[in-house]
Amino acid sequence: MENETKKTGTIIGIFVVVALAVFGGIYLTRNLGKSEKTITKQEAAKDLEKMVDRINPQKGVQYKSPVEYSDDDTSADELPAIDNNKIGVKATTDLYAEIYCSPEKAGTGTDGWMCEMAKEFNKKGIEIDGKKVSVQIRSVSSGLARDYIKTGKAVPDGFSPSSMFWVSMLNTEGIETETVAESTVKNVAGIVLKNDIYDSFKKKYGTVDMKSVTEATEAGEIHMGYTNPFTSTAGLNFLACTLERYDINSPLSDTALEGFKKFQDNVPFVALTTVQMRGAADKGTLEGFISEYQTYINDSTLSKNYKFTPYGYRHDNPLVAISSSSKEKKEILKKFAEFCSSEKAVKLATEDGFNRMDKYQCEYPELDGNMLISMQNLYKKNKDSGNTVACVFVADVSGSMGGDRIQSLKDSLVNSMKYINEENYVGLVSYSADVTIEVPLGKFDLDQQSLFKGSVEHLNVGGETATFDAICVGLSMLKEQMKNDKNVKPMLFVLSDGETNQGYGLNDVKSVISGMGVPVYTIGYDADLDALKQISDINEAASINSSTDDIVYQLKQLFNAEM
């Protein structure tokens, strides 16, 4: 009997263990294979309306402030301190030449070729007129380096951008340079397509090139992405080739402009950074995007799942001396260029992914600096293809934004106003524990600018932080504008330190943000960037974490890309 009782107990025990394992497994894996909650735009709008009713936003007092745009060039003041750009290799002697170098060769690992060359060069003990010399490498993106040099805020002895584009523009802007090396390492830009899309393209169009990609984008067959042509060499290259694709003899003609507008109509967004563009591709928002070959070949996932098709002008990384540099420093640059052309240096560059498509030749005519600047200006005026842009700025005025943070927020918004086109619609929301509509959406004419500036200047901090409540209110304002204008391009800008401790949370509003399809750009002030990035990632917008001295420049570039 005792044995039977033990036997029964054992069977029951096994049954309980199995049951717990089964049901526990079901519980633990209940969400595996399921996508996050997705809702339609109509469902999102209904949910949003209920949320905003609960939030019950206040209406702010209307303030006006005179809008005074000085004719003085403030570009230098808007630039961040040069020390914000990392020094990859420090000089080792009193007499040295500093080089601003594009990041793909001034970083680490396979992106550190010029840094490796500089380290070896500095060990050689090379002398000029009896003095030992060295070089210092600072990683600065090509577009930003051009801005430092042309404004005179921070001028290096040498400049090695990804392409001669930036040198040509500097020359047009009155900055004289002397070419030390036409090329330090060779690279090309390319259109990157998923393997299956590449194969279907080839089957339909016979080939994959700028013509077929622009035709497919124009027809809505593919979502193509590229980077900001004011800061990115690949982005400027792509813009130039797109315009020339429509009129190679006169890329600023009405024909080229109309073609560009049709193409741009079907571009989901122009990415502020390569990271933003790549993230959108990983999520499937973009089927095609642009990359340099050296980046592509060093990314095993990218080179395995995507095919690379070169386009446009070569990126052959010249080295130029700024003419204002001393004779001694120019001589250092020449000796460094010679050192970088050695067999050992070329071999290392090739191992790092450069020099791999040496036979590729550009099919387009050479462009001078004036043409490139004109192309950037055409892009700025026409990137929205005639569609209205509506944006709401959501400003965090909670207690944690006190001191330098709120002052930086105010300064950055007021100083960046001049980079917003007057045809756009702009509104302002502030929030702490409660949400206030400071300025309803309106056309950004002089009267609206005055209201916007006055309201920003009167922002005061204090209280808890209801970030997602404020986002809901901003989305609701955009929803009404979208109802009135079917072609409107809605955008939301959240300016915050990233903290949230009141009201709705991310999980409460994530599906609504996704369903509305409105990109939410986040600008952090000494922020919890991870929290802000999660918001921006929902609809592939950019997230920027800015120190107090570079936020105006960051916003300027964001507005150039998007507004």
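**Exercise 1. Describe the surroundings of Arg146.**

Solution. Leaving aside neighbours within four places in sequence, Arg146 is in contact with Phe159, Trp166, Met169, Leu170, Glu173, Ile373 and Gln376, where contact means heavy atoms within 4.5 Å. The model is predicted: local features need pLDDT of at least 70, side-chain atom pairs count only at pLDDT 80 or more, and totals for chains, interfaces and linings use all residues. Residues are numbered from 1 along each chain as its sequence is written, and side-chain values use heavy atoms, with hydrogens and water left out.

Next, locate the residue. Arg146 belongs to helix α5 (residues 142-151); helices (H or I, at least four residues) and strands (E, at least two) are DSSP runs, numbered from the N terminus. Finally, take the accessibility. Arg146 has a relative accessible area of 5% and is therefore buried; buried means under 20% relative accessible area, exposed over 50%, and partly exposed in between (1.4 Å probe, protein chains only).

**Exercise 2. Work out the layout of the sheet that contains β8, and the helices on it.**

Solution. Start with the strand order. The sheet is open, has three strands in the order β11-β8-β12, and its pairing is antiparallel; two strands pair if DSSP finds at least two bridges between them. At the edges are β11 (288-292) and β12 (306-315), each pairing on one side only. On average, neighbouring strands are turned by 30° against each other, direction ignored.

Then look at one pairing. Seven antiparallel bridges link β8 (residues 187-194) with β12. Within β12, Tyr311 is the residue opposite Ala189.

Last, add the helices. Helix α7 (residues 195-205) packs on the sheet and touches β8 and β12, its direction making about 90° with that of β8. Helix α9 (residues 233-246) lies across β8, β11 and β12, at about 85° to β12. Axes are lines fitted to C-alpha atoms, for helices over the stretch in contact, and angles run from 0 to 180 degrees between N-to-C directions.

**Exercise 3. Classify the ring pairs Phe201–Tyr205 and Phe260–Tyr379.**

Solution. State the rule: rings of Phe, Tyr and Trp (its six-membered ring) pair if their centres lie within 6.5 Å; planes under 30 degrees apart count as stacked, over 60 as edge-to-face and the rest as tilted. The count comes to 22 aromatic pairs. Phe201 and Tyr205 are 5.4 Å apart centre to centre with 45° between the planes, a tilted pair. These residues are four apart in helix α7, so about one helical turn separates Phe201 from Tyr205. Phe201 is buried at 5% relative accessible area, whereas Tyr205, at 25%, is partly exposed.

For Phe260 and Tyr379, the centres are 6.5 Å apart and the planes at 65°, so the pair is edge-to-face. Phe260 lies in α10 (residues 254-265) and Tyr379 in α16 (residues 369-382), so the pair ties together parts 119 residues apart in sequence. Both Phe260 and Tyr379 are buried.

**Exercise 4. Place Phe493 in its cluster and core.**

Solution. Phe493 shares one aromatic cluster with Phe393, Phe444, Phe452, Tyr521 and Phe559. Leaving aside neighbours within four places in sequence, the contacts of Phe493 include Cys391, Val392, Ile523 and Met563.

A nonpolar core is a set of buried Ala, Val, Leu, Ile, Met, Phe, Trp, Tyr and Cys residues joined through side-chain atoms within 4.5 Å. The largest has 110 residues, of which Phe159, Phe393 and Phe493 touch the most other members. Its largest share, eight residues, comes from α9. A second, separate core of 38 residues includes Val52, Ala390, Ile513 and Ala527.
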